[in-house]
Amino acid sequence: MRALILALLLSVGPVMAEESLVTGLSRDDVQITADFTGSDILVYGAVRRNSPAPQSPPMDLIVTLEGPSSPVTVRRKERIFGIWVNRAAVDLAEVPSYFAIASSGALDQILSPDDDLKHQISLARRLAVTKITAESMDSWEFLRATQRIGSAKGNYVTQQSGVKLAEDTLFRADFALPANLTEGDFTVRMFLLRGGRVIDTKEQSIEVRKTGIERQLTNMAHHQPLFYGILSLLLAAVAGWGASEIFRIWRR
Amino acid sequence: MQIYLPIAEVSVNLFLLLGLGGLVGFLSGMFGVGGGFLITPLLMLIGVPSGVAVATGANQVVASSISGVLAQLRRKGVDFVMGTVLLIGGLVGSFIGVQVFAYMTELGQVDVFVQLSYVFFLGFIGATMFWESARAILRSQRQGAQQIRRAHEHSWMHSLPFKVKFRKSGLFISVLPPLVLGAAVGILSAIMGVGGGFILVPAMIYLLGMPTKVVVGTSLFQIIFVTGFTTIMHAVNSQTVDMMLAFVLIVGGVIGAQIGSRMSTRLKPEQLRILLALLVLAVSIKIALDLLLMPSELYSVTRLVLP
């Protein structure tokens, strides 16, 4: 009996432990300038092993890229006296502003529900654990709507077979960040899987920051709001007067 | 060519924004309306968050109104006495309006309240103006160029106290009606997030009996201060004024306003009024349809900005 357990441990245990991820990012910061139109991120890496790769179960990879979270309110319209009015509302404590998931195969085939629950990999899982402050009878409908609207806006992206594997060792995943980014730390999570089970994870972050005039305007708007407001008015006044003068001279 | 807006946090096509600003500026110069009732929905349509759209729209309206007033000033089309009286009423009204707005927000129905206000006021004013100006045009076609009758006759308004001579408008009436009118417009503009020109212009013509040639300039004069006040309020309270967005809109807007105010001298007053009436009606019908038709997406997601 003991020999059997030992044999099992030797054959299964070490296989799980001896594969690990070595990863890198094409960039670890994104600077938002006035002409920012989005940014390409390349996530790459390799699987490190002490012994030859096992033949089965098959190896898979999932890479997620997630933007900073903030609270949102989801509202549902209902028809009252003939007009469509916001009625039920659900407040969600933490909803990512951006979420992209790339994998080497169909998610439901390569990832077991247990491990999804444990590691919070998919967006549906991430949203399912967010704190719901104002509830409705069917809060899950609101969670689904959040995902649906985010996908329609291009903020939630699923790239099935977005992870390219080479010789079961090297991998890469390409992400195209859209232009409407929220400032903050973006998290890249990488999962190495075999037979639906996660056997190694890595996490890295990308700093997304406004720079130059974008930075200065944002800072001023938040730290000197009155001055910012007056400056906005002055800008409007000068532009209005300037255009009027230019047209007058031009018409002479 | 795309431009990233720092407060709105979206990237928008530069020429689309310039065009939007130009279109609204053109209407502003032509009709003497600030254009807030157009710019705000249009900005939201291209993906600018609604809070930023309202606040920045107000800022853009300031610039196009200044440009428009200066153009009108040279044609002696601004009644400063009347403008000041309207403005005093307007500031009082906007103070009241802000309280009503806060109360509706507390009830959680501010969106529908604002939309219904749009439908009701734009619809009523648009329909009335359309009816009146259509009749005026028909009359002038039938009988050649006939003088349009204004509410210049003696009415109950002339028996009110505190009479003041509004020389530019050729009126000698009590300050009470313009004060009340200014206040009413102030309330509406605070609730609807607009300058109120589309209500002010017809009211000045039909209620106060002012001549059309001073109506546009005087209304713009009042709008500058009301929207300026709104801009500062939003900048301080919610930090939703996007200066970059405002700048691009303004560049387009001031040019549009100049062209618009020159165009307005080429058209007959009743033609001007029927065009404005059609525009106002179109916006109100659009908003009414949004309320009446079943939306394709019943849910909406509002991201709360972190402090």
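**Exercise 1. Determine how many bridges join strand S5 of chain A to S5(B), and in which direction the strands run.**

Solution. Strand S5 (residues 69-80) of chain A is joined to S5(B) by five bridges, and the two run antiparallel. Two strands pair if DSSP finds at least two bridges between them. Helices (H or I, at least four residues) and strands (E, at least two) are DSSP runs, numbered from the N terminus. Within this pairing, A:Arg76 stands opposite B:Tyr299 in S5(B).

The model is predicted: local features need pLDDT of at least 70, side-chain atom pairs count only at pLDDT 80 or more, and totals for chains, interfaces and linings use all residues. Residues are numbered from 1 along each chain as its sequence is written, while chains are lettered from A and ligands numbered from 1 in the order in which they are written.

**Exercise 2. Describe the side of chain B that touches chain A.**

Solution. Begin with the contacts: 47 residues of chain B are in contact with 47 residues of chain A (C-beta atoms, placed from the backbone, within 7 Å). Next, identify the elements that each supply at least two residues to this side of chain B; among them are strand S1 (2-5), helix H5 (110-142) and strand S5 (299-303). H9(B) gives the largest share, nine residues. Finally, sort by class: the side has 32 nonpolar, 11 polar and four charged residues. Here Ala, Val, Leu, Ile, Met, Phe, Trp, Tyr, Cys and Pro count as nonpolar, Asp, Glu, Lys and Arg as charged, and the others, Gly among them, as polar.

**Exercise 3. Compare the span of H7 of chain A with the expected value, and state what its buried residues pack against.**

Solution. The expected span is 1.5 Å times one less than the number of residues. For the 27 residues of H7 (residues 225-251) of chain A this gives 39 Å, and the end C-alpha atoms are 39 Å apart, which agrees. The buried residues of H7(A) include A:Tyr228, A:Leu233 and A:Phe247. A residue is buried if 20 or more other C-beta atoms lie within 10 Å of its own, exposed if 12 or fewer, and partly exposed in between, with C-beta atoms placed from the backbone. The buried residues of H7(A) pack against helix H6 (212-223) of chain A and against H3, H8 and H9 of chain B.

**Exercise 4. Establish to what extent H6(B) is enclosed.**

Solution. Helix H6 (residues 176-192) of chain B has 17 residues. Of these 17 residues, 12 are buried, so H6(B) is largely enclosed by the rest of the structure. Among the buried residues are B:Pro178, B:Leu181 and B:Met192.

Terms used
Two residues are in contact if their C-beta atoms, placed from the backbone, lie within 7 Å.
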